[in-house]
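Here is a short briefing for a reader new to this structure. Look over the chain, then work through the points below.

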Amino acid sequence: MQLYCNSLTEYKRLATLEVKVGDLLIGNNHPIRIQTMTTTDTMDTKATVEQAIRCIEAGAELVRITAPSKKEAENLLPIRNELRKRGYTTPLVADIHFTPNAAEIAARIVEKVRINPGNYVDKKKFETLTYTDSEYQEEIDRIRKQFTPLVKICQEHGTAMRIGTNHGSLSDRIMSRYGDTPMGMVESAMEFLRIAEDLNYRNIVLSMKSSNPQVMVQAYRLLIQTMQDQLGHCYPLHLGVTEAGDGEDGRIKSAVGIGTLLEDGIGDTIRVSLTEDPEFELPVCRDLVKRYTTRQDHTPIPPVEQLPYSPFDHKRRESIAVNNIGGRQVPVVVADFSTNTGITPEQLQAVGYHYDANTDKWNIADAAADYIFTRGLLSFSLPGTLKVIVPHDIWNAATDKEKYMPLFSAEEYLQSKERSAVINFIDHNTGVDIPENLLLQMAKDHTIVLCLHSSNEHAMPEVRRTMITLLERQIQQPVILKCFAEDNTADEHLIHYATETGALLLDGFGDGVWLISEATGAQAPGHALLNNIAFGILQATRTRISKTEYISCPSCGRTLFDLQETTAKIRAVTNHLKGVKIAIMGCIVNGPGEMADADFGYVGSGVGKITLYKGKEVVKRGLNSEVAVDELISLIKENGMWVDTAN
């Protein structure tokens, strides 16, 4: 086992125990299951049943329903009975946080209960506590006493369980010993899992969710390693990026986190948490899962005997700086104009450059591509920061060798007598080894930037294998991740790019991204979409921040205001605040804890009532929702993080 998966180069599902949820089997190489969660009030039986049916008909294989108290847990029975009466046998999952007695009721009714170990027994007060070993063990004994009745009920009724750790809701006790870390997330779940194992109860699925894909991926990898070391087997894993948000950003963040793990054969069931109606989550889940239905027979990739980096800690690969690429600089974005002829200044608006003919000036957006690739020279002067990559034979004819950079194949570079004094891009398909004489040349030529891509069906691990070779050979030239896609829809393109480049960026690989669509006609994404996806991937992997980040929960029956409408309203007035992280949470469950990374929080604290946070600190409590957005803006201004929009 390669630390956290079966193989880093051969696609093979991670072996996990089999869990039975109603008639549905999860784990043990069964198909990856997809699921969602209702957003209706659980006490509204009719609305919950109707929404559950829409989710089932959209493809949900499990439907989760919140049960925040005993009364909601009891109302799961009429909901379940009505669904069965209408012929729907899809397993239901009760979502439990603070109320063990609600879990014990739900476990007698539905097929699965989800508990959060961070708040099922412990209470989170954001206090710094110190425990002796004996005091810590006393707390574990307390957990055993309160958790054991639920386990016994699940055993008696054949009910499955998900132990679902969330990054932001780690208990004060776990925080005191492990801090706000992936290891803390793992230990939070393992405490409950060890008790269940002692009681001989194994009908369990585990999850490690975070709104930060870096943290999420590290936590799942650590969990697998810990289960193998301590138990000798792995439980099935439910994958998700919590509070991913909506639109392109929510889909990108989810694909980066979930897709990175799926690429290594990790994951038995998934949910994409979007701030949208739940039935819209299912197509994204399907697009993610279907990428792996024919992956097993891919072209072989040389195995990795030993990893030269830690997959449990994010550290960017050290590279030399070649002009504005590599070193400690943020990753660059290359916009591909290879199929365009007669490019005009107006066309560059799609990638962040707006030309004002009246003033003869360029306005450059925060998310403006750093390079464009074209097969010909341009007929107009370029904005100051933009450079152009062209085939090396075209570059030979260029008079401006500062703005135009050549692209070579390895063979062309080695044979060429004319090279750039600034940057020489070398295109390489990782299906073949980098020529030895090129590797030797790299030690001397500090103008080289590699552009790596793969035509292997298992593309990401093949590119990763080449990156490992570069590490082993101590080659420090910067690398652009070049990713081709020819999918049928915009969402499929987005997922393809986010998964394959996002996974590499999370492992610390890549000094830039270059997204290329090989689709034609209506299926081909435009330059603006590709540019948005590229910057969205860099934002999701926390490698380059170019816009406001929204940590927005997907809504559920606990939500105390219209989450979609409020998110849109807040986004409309704050989306120019580059680098500011704003959490928008429907209730206290997904409140201060879950927005661990946010600068500011907007949290439902009662019907029509909002509490504002700065970090984890309450600043204004019980605001009327009609004025709360204006108060949020005032709070941002008070903390010096507001900028006025350009006229």
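In which loop is Asn29 found? Asn29 sits in the loop between strand 2 (24-26) and strand 3 (33-37). Keep in mind that this is a predicted model. The overall picture comes next, then two helices, then four loop residues.

**Overall build**

- The protein chain holds 17 helices and 27 strands.
- Its radius of gyration is 26 Å, close to the 26 Å that the globule rule gives for 647 residues, so the chain is as compact as a globular protein of that length.
- Along the principal axes, the C-alpha atoms fill a box of roughly 75 × 55 × 55 Å.
- Of the 647 residues, 60% count as buried.
- Take the contacts with a separation of 6 or more: residues 24 or more positions apart account for 67% of them.

**Surface and charge**

- The protein chain exposes about 24,800 Å².
- Carbon and sulfur atoms supply 47% of that area.
- The chain has 67 positive and 84 negative charges.
- The mean positions of these two sets of charges are 3 Å apart.

**Helix 13**

- Helix 13 covers residues 459-472, which makes 14 residues.
- From first C-alpha to last, helix 13 reaches 20 Å, close to the 20 Å expected at 1.5 Å a residue.
- Helix 13 is mostly covered, with 11 of its 14 residues buried.
- Among the buried residues of helix 13 are Met460, Val463, Met467, Ile468 and Leu470.
- Charged side chains are on that list too, including Glu462, Arg464 and Arg465.
- The cover over these buried residues includes helix 8 (247-263), helix 12 (436-442) and helix 14 (490-506).
- Strands add to the cover as well, including strand 19 (424-429), strand 20 (448-453) and strand 21 (479-485).
- Gln474 follows helix 13 and has a positive phi, near 55°.

**Helix 15**

- Helix 15 spans residues 527-540 and has 14 residues.
- Its first and last C-alpha atoms are 20 Å apart, close to the 20 Å expected at 1.5 Å a residue.
- In helix 15, 10 of the 14 residues are buried, so this helix is largely enclosed by the rest of the structure.
- The buried residues include Leu530, Ile533, Phe535, Ile537 and Leu538.
- Just after helix 15, Arg542 takes a positive phi of about 60°.

**Loop residues with positive phi**

- Asn29 has a phi near 70°, a positive value in a residue other than glycine.
- Asn29 counts as exposed, at 52% relative accessibility.
- Asn323 lies in the loop between strand 11 and strand 12 (325-326).
- The phi of Asn323 is also positive, near 55°.
- Asn323 counts as partly exposed, at 40% relative accessibility.

**Loop residues and their contacts**

- Arg316 belongs to the loop between helix 9 (281-289) and strand 11 (321-322).
- Arg316 is partly exposed, with a relative accessible area of 25%.
- Beyond its neighbours within four places in sequence, Arg316 contacts Gly326, Arg328, Gly508 and Asp511, among others.
- Gly512 is 196 residues from Arg316 along the chain, yet their C-alpha atoms are separated by 12 Å.
- Thr90 is in the loop between helix 2 (70-85) and strand 5 (92-96).
- Is Thr90 buried or exposed? Thr90 counts as buried, at 12% relative accessibility, because the cut-off for buried is under 20%.
- Leaving out residues up to four places away in sequence, Thr90 touches Ile56, Ala60, Glu61, Leu62, Val63 and Arg84.

How values were computed: Residues numbered from 1 in each chain as written. Predicted model: local features only at pLDDT ≥ 70, side-chain atom pairs only at ≥ 80, totals over all residues. Heavy atoms only, no water. Helix = DSSP H or I, 4+ residues; strand = E, 2+ residues; numbered from the N terminus. Rg over C-alpha atoms; globule rule 2.2 N^0.38 Å. Buried < 20%, exposed > 50% of the residue type's maximum accessible area, 1.4 Å probe, protein only. Contact = heavy atoms within 4.5 Å. Areas by Shrake-Rupley, 256 points an atom, 1.4 Å probe, with all protein chains shown as cover. Lys, Arg positive; Asp, Glu negative; His and termini not counted. Charge placed at Lys NZ, Arg CZ, Asp CG, Glu CD. Expected span 1.5 Å × (residues − 1).
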